[in-house]
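Here are my comments on the model you sent, set out as numbered points. Please read them alongside the coordinates.

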Amino acid sequence: MSKTKSTSDYFIPGSILHIENYEFTDGQVRNKYLIVACPNSTNNGCLFSFTTTQIKVPEAFREHGCHKKVEAALGHYVFEENRVIGDNGFSFSKRTYVLFQGNFRTAPHVHFDVYNTDAAISSCCVLLKEEFSSLLNCYKNSIHVRGKDKPLIESMFATIQRLPIK
């Protein structure tokens, strides 16, 4: 399989990427979606979050959008199934969650080089501006936001209107 573009080319703020056979630090391997939050020039990488469909939350916390419940230590964002969220009409086929507790990470682009083949990493879409802003704002204001992530997110808000997304 040949490389079609540099790994860093995939990491556009607001991008939803699909990685086949992603290997976690505990050795588990499965297909994963990740959302690129913003670039991190400190390590030539980015702030990103994986998504999941495997979560048990009360019904009241399953509607599309931002959910914060301090007393229950809940903090997550929901994408309803079949709701258009991407610039190309992309939607998740199942209700999908971005969890905030311990799920936002930073990594250099080289961390993903092993997946940079035609079959392993693909760009699904770039989130619509309103959706992307809502997700970032939800994380920024959650009890789970890491202090080092706040400046990255703040800088992203300053540039989000200039992003080449709808």
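The points below go from the overall make-up of the chain to one sheet, a helix pair and a few single residues.

1. Please keep in mind throughout that this is a predicted model. The chain contains three helices and eight strands, and when these are read along the sequence they follow the pattern α-β-β-β-β-β-β-β-β-α-α.

2. As to the chain as a whole, 48% of its 166 residues count as buried. Among the contacts with a separation of 6 or more, 60% are made by residues that stand 24 or more positions apart.

3. The sheet I looked at is an open one of three strands, with the order 4-5-6 and antiparallel pairing. Its edge strands are strand 4 (65-69) and strand 6 (96-99), each of which pairs on one side only, and the twist from one strand to the next averages 25°.

4. The pairing within this sheet can be followed bridge by bridge. Strand 4 and strand 5 (residues 74-79) run antiparallel and are joined by five bridges; on this side, Lys69 has Leu74 in strand 5 as its bridge partner. Strand 5 and strand 6 are likewise paired in the antiparallel sense, over four bridges, and here the bridge partner of Tyr77 is Val98 in strand 6.

5. How many residues of strand 5 are buried? Six of the six are, so strand 5 is largely enclosed by the rest of the structure. The side chains can be divided by direction, since Leu74, His76 and Val78 point one way from the strand while Gly75, Tyr77 and Phe79 point the other way, and all of these residues are buried.

6. Helix 2 (residues 129-140) lies across strand 4, strand 5 and strand 6, and runs at about 170° to strand 5. Helix 2 also packs with helix 3 (residues 149-159), at an angle of about 155° and with the two axes 10 Å apart. That angle makes helix 2 roughly antiparallel to helix 3, because angles over 145 degrees are counted in that class.

7. Helix 2 passes helix 3 in a left-handed crossing. On the side of helix 2 the contact is made by Phe132, Ser133, Leu136, Asn137, Tyr139 and Lys140, and on the side of helix 3 by Asp149, Lys150, Ile153, Glu154, Met156 and Phe157. Sorted by class, this contact has six nonpolar, two polar and four charged residues.

8. Arg146 is found in the loop between helix 2 and helix 3, and with a relative accessibility of 27% it counts as partly exposed. What does Arg146 contact, leaving aside its neighbours within four places in sequence? The residues in question are Leu47, Phe104, Arg105, Thr106 and Tyr139, and Tyr139 is also one of the helix 2 residues in the contact with helix 3. Arg146 and Phe100, which are 46 residues apart in sequence, have their C-alpha atoms 9.6 Å apart in space.

9. Val84 lies in the loop between strand 5 and strand 6. Its relative accessible area is 47%, so Val84 is partly exposed, given that the exposed class begins over 50%. Leaving aside neighbours within four places in sequence, Val84 is in contact with Gly89, Phe90, Ser91 and Leu128. The C-alpha atoms of Val84 and Glu131 are separated by 9.9 Å, although these residues are 47 residues apart along the chain.

10. Is His18, which lies in strand 1 (residues 15-23), buried or exposed? Its relative accessibility is 16%, and His18 therefore counts as buried, the limit for that class being under 20%. If residues up to four places away in sequence are not counted, His18 touches Asn31, Lys32 and Tyr33, and also Ala120, Ile121, Ser122 and Cys124.

Conventions: Residues numbered from 1 in each chain as written. Predicted model: local features only at pLDDT ≥ 70, side-chain atom pairs only at ≥ 80, totals over all residues. Heavy atoms only, no water. Pairing = 2+ DSSP bridges. Axes fitted to C-alpha atoms, helices over the stretch in contact; angles between N-to-C directions. Contact = heavy atoms within 4.5 Å. Parallel < 35°, antiparallel > 145°, perpendicular 65-115°, else oblique. Left-handed = near helix turned anticlockwise from the far one by under 90°. Nonpolar A, V, L, I, M, F, W, Y, C, P; charged D, E, K, R; others polar. Buried < 20%, exposed > 50% of the residue type's maximum accessible area, 1.4 Å probe, protein only.
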